[in-house]
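These are my notes from a session spent looking up cysteines, one helix pair and one histidine.

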Amino acid sequence: MRKGEMTRAAILDVALDLASRDGLEGLTIGLLADRMNMSKSGVFAHFGSREDLQLEVVKLYHRRFEQEVFYPSVKEPRGLPRLRTMFARWVKRVSVEIASGCIYISGAVEYDDRPGPIREELVSMVAAWQGALLRCAHQATECGHLKADTDAQQLVYEMYGLILALHHDARFLRIPGSLERASVGFERLIENYKA
């Protein structure tokens, strides 16, 4: 990478850390400039606006989520093995985010009723992940791993509920054993749907 690209990548890394901790709305050019030991105009030169910076942070978060959770999971055999891996990697990702925060979750809170490009990007990314989970649930049914009448949308909804509860209990309430409870909940869920 050229120097400008390296600087931009470094800025985005720090911006992602800040946004994970303080939310996308807490991310400012001034705060970022201070953390990078740069001028505001130096940071601004890499992004056309604060909103552009926020959008790039959301995209970076999504790419990392895909690299850590989605892409390794699709290497697993179709059906239940893949679905289990997706959930396990998702839980592992949340376990790291207990200390920092999740852009998808904080973004949903910040932008649930605020129209605009950031909300659209977040919705698109979360919908893509839910779509991947839904396809995987359908495949598990087609492979005979889950009951033929499995409601894949309900299954994904319940998986999402486990992750939201995990994030809430582990990060907000700091309840020990939350990671294990999420895994136990997933196994109960799968047992309910197993063929």
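I took a disulfide to be a pair of cysteine sulfur atoms within 2.5 Å. The model I searched is a predicted one.

**Entry 1: cysteines.** I searched the whole structure and found zero disulfides. I then asked why Cys136 has no bond to the closest cysteine sulfur. That sulfur belongs to Cys143 and lies 8.9 Å from the sulfur of Cys136, which is too far for a bond. Cys143 is likewise in no disulfide. I looked up the accessibility of both residues. Cys136 counts as buried because its relative accessibility is 1%, a value under the 20% cut-off. Cys143, at 38%, counts as partly exposed.

**Entry 2: the helix pair.** Cys136 also appears in the contact of α5 with α7, on the α7 side. I noted that α5 covers residues 80-100 and α7 residues 117-142. The two helices pack at an angle of about 150 degrees, and their axes are 8 Å apart. The crossing of α5 past α7 is left-handed. From α5, I listed Leu80, Arg82, Leu83, Met86 and Trp90; their partners in α7 include Trp129, Leu133 and Gln139. By class, the residues of this contact comprise ten nonpolar, one polar and one charged.

**Entry 3: His167.** I located His167 in helix α8, residues 152-172. Is His167 buried or exposed? I recorded His167 as buried, because its relative accessibility is 9%. Leaving aside neighbours within four places in sequence, I found His167 in contact with Val94, Glu97, Gly101, Cys102, Ile105 and Phe172.

Methods
Residues are numbered from 1 along each chain as its sequence is written. This is a predicted model: local features need pLDDT of at least 70, side-chain atom pairs count only at pLDDT 80 or more; totals for chains, interfaces and linings use all residues. Side-chain values use heavy atoms; hydrogens and water are left out. Axes are lines fitted to C-alpha atoms, for helices over the stretch in contact, and angles run from 0 to 180 degrees between N-to-C directions. Helices (H or I, at least four residues) and strands (E, at least two) are DSSP runs, numbered from the N terminus. A crossing is left-handed if the near helix is turned anticlockwise from the far one by less than a right angle, and right-handed if clockwise. Contact means heavy atoms within 4.5 Å. Ala, Val, Leu, Ile, Met, Phe, Trp, Tyr, Cys and Pro count as nonpolar, Asp, Glu, Lys and Arg as charged, and the others, Gly among them, as polar. Buried means under 20% relative accessible area, exposed over 50%, partly exposed in between (1.4 Å probe, protein chains only).
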